[in-house]
Amino acid sequence: MNDLELQALVENISSEIFGLPFKHKATFNSRLRTTGGRYLLGTHNIEINKRYLEQLGKEELIGIIKHELCHYHLHLEGKGHQHRDTDFKLLLKKVGAPRFCSQLPEEAKKTKRSAKKILFYQCTNCRLTYQRKRSIDTSKYVCGKCRGRLKKVKEVLLR
């Protein structure tokens, strides 16, 4: 499927399901990584992630298009078009659009839970302990209470 076929599909879904015309552009955007599509408020255009069509098929693509058209039509009508708005949730339910797109199979393979570490630093002067998720340069930073030097006390790995 190319951009022209996508444009025709979006216009068709808009007129059949919403009863309203789609007067802007619908294109594939290969740079989208974490979402199935997006509605651009400034231009009123819709961008779709082509990998959803390739990996999950046309039904998933149609669901994403319905979702983005909900944003589109509600925004143009001046109603609540954000995910948290009641108007948006009701229109999603009415047209049978998903609230969120499915996870791509290739992304499911990539996500592995890495061990989280917690670092503990202690002031050499007042003995105040700091708990951090990221390491700090102890030559640059000092205690916020007494301006004493900090030293790393321990590092704990959580699984």
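## Ring pairs, charges over rings and the setting of H67

The side chains of H67 and H71 are joined by a polar contact of 3.1 Å, a term for a pair of N or O atoms within 3.5 Å in which, within protein, one must be able to donate a hydrogen and the other to accept it, while residues adjacent in sequence count only if both atoms are side-chain atoms. This is a predicted model, in which local features need pLDDT of at least 70, side-chain atom pairs count only at pLDDT 80 or more, and totals for chains, interfaces and linings use all residues. Residues are numbered from 1 along each chain as its sequence is written, and side-chain values use heavy atoms, with hydrogens and water left out.

**Around H67**
- H67 is found in helix α3 (helices, H or I, of at least four residues and strands, E, of at least two are DSSP runs numbered from the N terminus).
- With 8% relative accessibility, H67 counts as buried (under 20% relative accessible area, with exposed over 50% and partly exposed in between, for a 1.4 Å probe and protein chains only).
- The backbone oxygen of R99 is reached by the side chain of H67 at 3.5 Å.

**Aromatic rings**
- Two aromatic pairs are found in a search of the whole structure (rings of Phe, Tyr and Trp, the last by its six-membered ring, with centres within 6.5 Å; planes under 30 degrees apart are stacked, over 60 edge-to-face and the rest tilted).
- The ring centres of Y39 and Y72 lie 5.9 Å apart with planes at 85 degrees, so this pair is edge-to-face.
- Y39 is buried at 10% relative accessible area, and Y72 is buried at 1% relative accessibility.
- Ring pairs link F22, Y39 and Y72 into a cluster.
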